[in-house]
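Here is a short briefing to keep beside you while you turn the model around on your screen. Take a look at the sequence and the fold, and then we can walk through them together.

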Amino acid sequence: MNRGVPPAWGEMETDCLVHVFRRLALEDVAAAAPLVCRGWRRAAADPSLWRALDLRHDHVARFMPWGPLAAAFARRYGVARFAFAGFLTLCLARAAGSASDLALPPLLSSPAAELDRVAAGCPRLRRLALPPLLSAADEARLPELVPRWPLLQRLELESKPSSFPAVAAQLALHCPDLSGLKTSGAIKPEDAAAMVASLPRLRSLCLDSSYLPKQELLAILAGCSQLQEFSARNCVGFNEKDEEVVRRGARIERFEIGGSRFVDEMMTDDEFCGSSYVDVM
C-alpha cells in the first residue's frame, strides 16, 4: 500500500469501522453492513454497537412484515416470515449481555416470552422502557423480573401496572442505583405510599397524563425529598395553580405541572373526552 493513500473501507481496522458504524441506524448495522465483506461483518457484530436498543422509535414502519427491514431480511438472509421477536433475539445475541438501554415497542406479539428474553439477556440494563397495555398476567410477573436488572437506573412504565406497589418494593431491594421513574395511570393511595416507602431517593419522577389526586401528589412531594425533576403535566385531580402544590414544588429544580386540573361540573363533554383524560380514566 502506498504511503499516504488511505486504506480501502474493507481493510480498515475493526475499531475504526465500529466507530463509523455507531453513526448508522440499528437496522443498517443488522441488515446491510454485515453483507459488504468479512471485515464489516466482524465489526457489525461488535457488542458495543448493540448496547443502546431503541426499538420503540418509529416501530410501526420498522417492524411491520411489509416494511423495509422485513424486506431486507427476506432478500439478504432468506427470512420468509419477519417478526419483531426474531429481531429482538438477534439484538440481544449481538449485545452479548452488554445492553444498557432498551426501549420496547407497544403491542408485542408475545409479551411474556419477550419479557423473559429481556430478563435473561440483559443483566446490565441501566434504562428500561416497557410497553404499555401489558396483560394482567404479565403485569403480575413484573415484580419477579425486577431482580434480574440490578444495575437499573431508570424505569419507564408507560401504563402503571396493577402490581406497582410490589414492583416498587422489588426495585428498593434489588436496584440500589434507581433514580428515575416514569409512569402514567390512576395513582391510587397505595401507589403513592409505595413510592414514598420504597423509592424515597428518586431524583426524577414523571407522572404525566395521570389521574393524580392532590392528596397523593402532596404525599409524593413530601416523601420523595430528593427529587430534582418532577413532571405531572396534563393530569386530572389537582389544579396547576393550586397554591399549596406550587409551594411544595418550589424546592424542586424542575417542576412541571402545566395543564393539570380537577374534573368538575364546569367541564364540557368534549373536554372530558379529550386525549389527556381518556388516557387516565
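Which residue of β6 does G180 stand opposite? The partner of G180 is S204. What you are viewing is a predicted model, and the points below go from its strands to a helix face, some salt bridges and a few single residues.

**Parallel strands and their crossovers**

- Strand β4, residues 154-157, runs parallel to strand β5, residues 180-183, and 4 bridges join the two.
- Within this pairing, R154 is the residue opposite G180 of β5.
- To get from β4 to β5 the chain passes through helix α9, residues 164-174, in a right-handed β-α-β crossover.
- On to the next pair: β5 and strand β6, residues 204-206, are also parallel, with 3 bridges between them.
- G180 therefore appears in two pairings, because R154 of β4 faces G180 and S204 of β6 faces G180 as well, where pairing calls for at least two bridges between strands.
- The route from β5 to β6 leads through helix α10, residues 189-198, and this β-α-β crossover is right-handed too.

**The two sides of helix α10**

- D191, A192, A194, M195 and S198 are the buried residues of α10.
- Viewed along the helix axis, these buried residues stay within an arc of 155°, so they line one face of α10.
- As background, an α-helix has 3.6 residues a turn, so residues three or four places apart point the same way.
- P189 and A197 are exposed, on the other side of α10.
- Which elements help to cover the buried residues of α10? The cover includes α9, β6 and α11.

**Salt bridges**

- How many salt bridges does a search of the whole structure find? The search finds 14.
- One of them pairs D101 with R127, whose closest N and O atoms are 2.6 Å apart.
- Because D101 belongs to strand β2, residues 101-103, and R127 to strand β3, residues 127-130, this pair ties together parts that are 26 residues apart in sequence.
- D101 is partly exposed at 23% relative accessibility, and R127 is partly exposed at 24%.
- D101 and R127 are also members of a salt-bridge network that links them with R154 and E156.
- K160 and D191 form another salt bridge, at 3.1 Å from N to O.
- K160 sits in the loop between β4 and α9 while D191 is in helix α10, so this contact ties together parts 31 residues apart in sequence.
- Are K160 and D191 buried or exposed? Both residues are buried, and D191 is one of the buried residues of α10.
- R233 and E256 make a salt bridge in which the closest N and O atoms are 3.7 Å apart.
- R233 is in the loop between β7 and α12 and E256 is in strand β8, residues 254-256, so the pair ties together parts 23 residues apart in sequence.
- R233 has a relative accessible area of 36% and is partly exposed; E256, at 25%, also counts as partly exposed.

**A buried valine in helix α12**

- V245 lies in helix α12, which covers residues 243-249.
- With a relative accessible area of 0%, V245 is buried.
- Leaving aside residues up to four places away in sequence, V245 touches K214, L217, L218, L221, F238, F255 and I257.
- K214 is 31 residues from V245 along the chain, and their C-alpha atoms are separated by 7.9 Å.

**Two loop residues with positive phi**

- S209 is not a glycine, yet its phi is positive, at about 55°.
- You will find S209 in the loop between β6 and α11, and S209 is buried, with a relative accessible area of 17%.
- N234 is not a glycine either, and has a positive phi of about 55°.
- N234 is in the loop between β7, residues 229-231, and α12.
- Is N234 buried or partly exposed? N234 is partly exposed, because its relative accessible area is 33%.

Conventions:
Residues numbered from 1 in each chain as written. Predicted model: local features only at pLDDT ≥ 70, side-chain atom pairs only at ≥ 80, totals over all residues. Heavy atoms only, no water. Helix = DSSP H or I, 4+ residues; strand = E, 2+ residues; numbered from the N terminus. Right-handed = clockwise from strand over helix to strand, strands pointing away. Buried < 20%, exposed > 50% of the residue type's maximum accessible area, 1.4 Å probe, protein only. Contact = heavy atoms within 4.5 Å. Arc of directions from axis to C-beta. Salt bridge = Lys/Arg side-chain N within 4 Å of Asp/Glu carboxyl O.
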